[in-house]
Amino acid sequence: MTPENHFSLAHYWAQGDAISHAVAYLLLLMSLVSWYLILSKSWSAWRIRRSAPAVDAFWAAPGMAEAVAALELADPEQVYAPLARQGAAQLAPAGAASLGAALTADEQVTRVLRLAIHRATARLESGLTLLASIGATAPFIGLLGTVWGIYHALAAVSAAGVMQIDKVAGPVGEALIMTAFGLVVAIPAVLAYNGLNRVNRLTLAELDAFAHDLHAYLGTGGRAAAQA
């Protein structure tokens, strides 16, 4: 007859209560959300870095319309293209009177480029706060499951009135699984957060440089009038 395995996950789950099950479900949900963010943001970051050389091709185009069209095609994530598109829109004649139309050409270019960079930054950083929160809290949630499991193990031993090592080692060992699960959830989230942050810093630096060059090109009224 095969002896019962007191260190199995199934045994831990069978003797667990609502709180230990809730901790396990919460860690599972955090893991699913974390891996969704890791995969989706990594795919997006790869596409963004792949389209970064298109900025150089923008300046090689013969005219603004051709440059914007080429950048639109080469930027599937629409990170660099909105700056060129909205900057080029300032070359068009002003429409009805408005607060924006009252600005000088240089001020209008500065406003639209700043707004485009703000929107791009919000897109790049979306989801990273949640990823960082998962990486920071998952070990402690797993530790909560471990502490709760150890508490129940010691309470069971106290109720039995007999101190036996197998009665303690099994429940305590199973409870430590929750700490391991917390680390399994947290480590990929932290590594992905750091990697994505580095890619975002590089992308935002390039966006800032691109916006500076566009501002230098579009910021003078004489240049805008000549293009119009």
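Is Glu 77 buried or exposed? In this predicted model, Glu 77 counts as buried, because its relative accessibility of 11% falls under the 20% limit. Glu 77 sits in the loop between α4 and α5, and its side chain meets that of Arg 123 in a salt bridge with an N to O distance of 3.5 Å. Arg 123 belongs to helix α6, 46 residues away along the chain, and the pair thereby links distant parts of it. Arg 123 itself is partly exposed, with a relative accessible area of 42%. Salt bridges with shared partners join Arg 47, Glu 77 and Arg 123 into one network.

In total, four salt bridges were counted. One of them pairs Glu 206 with Arg 49, with the closest N and O atoms 2.8 Å apart. This pair connects helix α8, which holds Glu 206, to helix α2, which holds Arg 49, across 157 residues. Glu 206 is partly exposed at 26% relative accessible area, and Arg 49 is likewise partly exposed at 25%. A salt bridge also forms between the side chains of Glu 72 and Arg 85, at 2.3 Å from N to O. Here helix α4, carrying Glu 72, is linked to helix α5, carrying Arg 85, over 13 residues. Both partners count as partly exposed, Glu 72 at 25% relative accessibility and Arg 85 at 35%.

The largest nonpolar core comprises 27 residues, and Phe 58, Leu 71, Tyr 80, Leu 83 and Phe 210 have the most contacts inside it. Helices α3, α4, α5, α6 and α8 each supply at least two residues of this core. Beyond its neighbours within four places in sequence, Leu 83 is in contact with Leu 113, Ala 116, Ile 117, Leu 207, Phe 210, Ala 211 and Leu 214. A second, separate core contains 18 residues, among them Leu 27, Ile 38, Met 178 and Val 185.

Nonpolar side chains also occur at the surface, where Tyr 25, Leu 28 and Leu 32 make a patch of about 350 Å². Leu 28, a residue of helix α2, is partly exposed with a relative accessible area of 48%. In helix α8, Phe 181 is partly exposed at 35%. The C-alpha atom of Phe 181 lies 8.4 Å from that of Ala 138, although 43 residues separate the two along the chain.

The protein chain has an average pLDDT of 79, and 74% of its residues score at least 70. Among its elements, helix α2 (residues 18-51) has the highest mean pLDDT, 90, and helix α9 (residues 221-227) the lowest, 46. Where pLDDT is low, the predicted coordinates should not be interpreted in detail.

Note on methods:
Residues numbered from 1 in each chain as written. Predicted model: local features only at pLDDT ≥ 70, side-chain atom pairs only at ≥ 80, totals over all residues. Heavy atoms only, no water. pLDDT = per-residue confidence, 0-100. Helix = DSSP H or I, 4+ residues; strand = E, 2+ residues; numbered from the N terminus. Core = buried A, V, L, I, M, F, W, Y, C linked by side-chain atoms within 4.5 Å. Buried < 20%, exposed > 50% of the residue type's maximum accessible area, 1.4 Å probe, protein only. Contact = heavy atoms within 4.5 Å. Patch = residues over 30% accessible without salt bridge, like charges linked within 9 Å, V, L, I, M, F, W, Y side chains within 5 Å. Areas by Shrake-Rupley, 256 points an atom, 1.4 Å probe, with all protein chains shown as cover.
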